[in-house]
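Colleague: I am new to this structure and would like to learn how to read it. Could you take me through some of its features, one at a time?

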Amino acid sequence: MTKYEDLLRDAMSGLARPDGLTTAAGVAASVFEAIRTGAEVYVDTDPGLFAALMLTAAEAADGRDALARAGTPRPAALAPGPPLAPDRLAGLARALTGLLAAASGRADDPADAAACERAAACADRIHALLARDGS
Amino acid sequence: MTATFGEFLDRAASCLSGAAGVRDLPSSTVIASAVQLRRFTTAVSRYVADPRTFPAPAEATTAGVRLYQAAGSLRRAAEAGAGLPGPGAAHPLPQRIGNAASALTAGLDLLATHFTTGNDGVTRPRSHWAATLATPPARTALLAELSDLAVLAASACRALGQVPSPALPRASRDALLAASSQLASIPPASREHHDQRNAEPVYRQLLHAVPAAMLPPREPAGAPEGLADLSEAVSLSAERMRSLIWQPPDGGTWPPPPTLMTWRWSAHAAAIASHISEPILTGLAERARQLMPGPAGPALSHAAIAMGTSWNAWRHVASASAMLSDTVAWNIPPPVRDDLTDLIDRLGRIAYANPAWTPAASQRAPLKSPAELAPGPDELRMVLAAVHHTADTLTRLAAADLAAVQAAVGTGKIRQDTSPAYSSLSMPGRVSELPRLYELTRDAANRVTEAIDLPAITTSAPSSYLAVMRSAPVPSQASTSEPALDPDLARFRVLDELYAPRNPDQVDRASKAASLWRASFPGRPMPSAEASPARRPRATPPQARHPRAIP
């Protein structure tokens, strides 16, 4: 279990709290950034994964920015961790998709909900790109 | 894939070649064929009458005169044999000749879609093909194509004039043979320079590849395809992107307002497409040395090295732009995203031993061996064309994005995000560096495409014409504002001045008409006001651009 998986789990369980949405958005933005940096760091290690990791980096940047543009849930400050290896990114992306889908359902502001949906779609595509079994 | 100009040329040639081989026909069918050959001559004359399609006034004048004479001869042939009993136009031959005429008319309509004439009478480009089509070598090649068709029509006239049918009037025979001589003497444009002669096949290939100036429908990658289909689909995606990227010389909006996300995604995708292309070029280099000894192998090796530099540049610019954001939030997807996705999927299926390859990790596969990549020379050309189209399009994309980045950075529309989530990523100076990174990326992409041009031409790859397309001068703002009247509009204006109802300022009208004519058609006699009423212009400007003056 990585630091980011812990954070995602905590954010999911705290969504019902008053600041739950803001916390979730901050965690999600940081996880996207961790995925992006992980993809960039490891993109040279395996030519067969170059395309998957480059598109992962692009989707992660888009997902992160989608959250940064939301109306009320502003990403919180989180210290970045070490780069994540590609084999960890798919699972992280799946957990991220779940958190953002739940956050979208709880958002009162349509702009926040839309931002979470867009970010969830990015996370879902990252999972599809990196899942070894294609599921 | 949508129809190309070459398909119309080929159809016309195919229809006419059958007519040249006739040995016997009912005389009424000979006359019906003469009528259709006159239609064909009229169709060719419409190309000739348009100064934009001709390389020089001398050839235009000569060809125009010969076509005028041939049309007159064919009219006399038809009139002399009018009313002959028999199957006439019910025979398949006149229909086939008529199809040739229709194909040529449709071809000219296709070419016309690449230009537009404004209310000010100025002709402007409407597509990325326009600049190349207007170059003298392209016009020379077009005249050569028309000259070839005229020779076929001449053969048909001669064959028709020699059928043994005793019912065919002597006057019709003589007129058909006269038309044959007139059509056969239409000169191709002079090729004064050695380079021009050498380049003609490439320009002919270019003409054959010209599609209508409209966005062809997208063909997403789906079920596994054969190599020919993959290569064709890559060229389709590339053509779609060229159309989407192109902007008229007097302004445009590329990319649309969602700036940073557009460039960022494109840069990542371009890095992938280039990354896939590098081992393809390496494999082709090895294969070319085995299959086509000559300069292609070393040139492809050089191109592969350049491609390696290029994908690194794209990757660098993608990484740099991932740390920036727009000052205004936009959520519109990049306009070329789908096409870049299609292109990457197909390129991957060409490069990797997985016919269902996608960028997903679950679809990873080993690279094909050079022999699997290009089993023979034909396959080598197809694969090379796919990479050539890719490189050419990415070069245009880099140039367009550079211009947009420069504008956005210059007006402060991009920032280094300083929100807490990005604080640890702060890298001062990145915004100002972005245009320079894009310049390097554009230059690297350009070097790749130039490196592929040579092997594409030497191996006669179907993408060779891309080399001459990129070398066409880009019309400047100044050139588009020159008083280059659209020929049809000019004719209309002149004739309108002559034929419009008289009023007190008719002297000024005549003077103005003469001035317009001289400006539009220097050296050509102005039509007289006493011309046949049938040739009077309509009350409104012609919508079609083709002149109708033919006997």
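The conversation below goes from a whole chain to helix pairs and then to single residues.

Modeller: Please keep in mind from the start that this is a predicted model.

Colleague: Let me begin with the whole of one chain: how many helices and strands does chain B have?

Modeller: Chain B has 19 helices and 4 strands. Of its 551 residues, 53% are buried, and its accessible surface comes to about 22500 Å², with 56% of that surface belonging to carbon and sulfur atoms.

Colleague: What share of the contacts in chain B with a separation of 6 or more comes from residues 24 or more positions apart?

Modeller: Among the contacts in chain B with a separation of 6 or more, 81% join residues that are 24 or more positions apart.

Colleague: How should I describe two helices that pack together?

Modeller: Two packed helices are described by the angle between their axes and by the distance between those axes. In chain B, the axes of helix 11 (residues 296-321) and helix 14 come within 13 Å and cross at roughly 40°. Helix 11 and helix 14 of chain B are therefore oblique to each other, and their crossing is left-handed.

Colleague: Which residues of helix 11 and helix 14 of chain B meet?

Modeller: From helix 11 of chain B come B:L300, B:M307 and B:W314, and they meet B:L384, B:V387, B:A391, B:L394, B:L397 and B:A398 in helix 14 of chain B. By class, the residues of this contact between helix 11 and helix 14 of chain B are 9 nonpolar, with no polar and no charged ones.

Colleague: At what angle do the axes of helix 3 and helix 5 of chain A cross?

Modeller: The axes of helix 3 (residues 50-68) and helix 5 (residues 110-130) of chain A cross at roughly 165° and come within 8 Å. An angle over 145 degrees counts as roughly antiparallel, so helix 3 of chain A is roughly antiparallel to helix 5 of chain A. The crossing of helix 3 and helix 5 of chain A is left-handed. Among the residues making the contact are A:A52, A:E59 and A:G63 of helix 3 of chain A, along with A:C116, A:R125 and A:L130 of helix 5 of chain A. The contact of these two helices has 13 nonpolar, 2 polar and 4 charged residues.

Colleague: Turning to single residues, is B:R396 buried or exposed?

Modeller: The cut-off for buried is a relative accessible area under 20%, and B:R396 counts as buried because its relative accessibility is 19%. B:R396 is in helix 14 (residues 377-410) of chain B, and, leaving aside residues up to four places away in sequence, B:R396 touches B:H128, B:R242, B:I245, B:M469 and B:R470.

Colleague: And where does B:S266 lie?

Modeller: B:S266 is in helix 10 (residues 259-291) of chain B, and at 1% relative accessibility B:S266 counts as buried. Beyond residues up to four places away in sequence, B:S266 touches B:V336, B:L340, B:L397 and B:D401.

Colleague: How far apart in space are B:E145 and B:P188?

Modeller: B:E145 and B:P188 are 8.3 Å apart, C-alpha to C-alpha, while 43 residues apart in sequence. B:E145 belongs to helix 6 (residues 136-161) of chain B and is buried, with a relative accessible area of 8%. With residues up to four places away in sequence not counted, B:E145 touches B:L9, B:R204, B:L207 and B:H208.

Colleague: What is the phi of B:S460?

Modeller: B:S460 has a positive phi of about 55°, although B:S460 is not a glycine, and this residue is in the loop between helix 15 (430-458) and helix 16 (465-471) of chain B.

Terms used:
Residues numbered from 1 in each chain as written. Chains lettered and ligands numbered in written order. Predicted model: local features only at pLDDT ≥ 70, side-chain atom pairs only at ≥ 80, totals over all residues. Heavy atoms only, no water. Helix = DSSP H or I, 4+ residues; strand = E, 2+ residues; numbered from the N terminus. Buried < 20%, exposed > 50% of the residue type's maximum accessible area, 1.4 Å probe, protein only. Contact = heavy atoms within 4.5 Å. Areas by Shrake-Rupley, 256 points an atom, 1.4 Å probe, with all protein chains shown as cover. Axes fitted to C-alpha atoms, helices over the stretch in contact; angles between N-to-C directions. Parallel < 35°, antiparallel > 145°, perpendicular 65-115°, else oblique. Left-handed = near helix turned anticlockwise from the far one by under 90°. Nonpolar A, V, L, I, M, F, W, Y, C, P; charged D, E, K, R; others polar.
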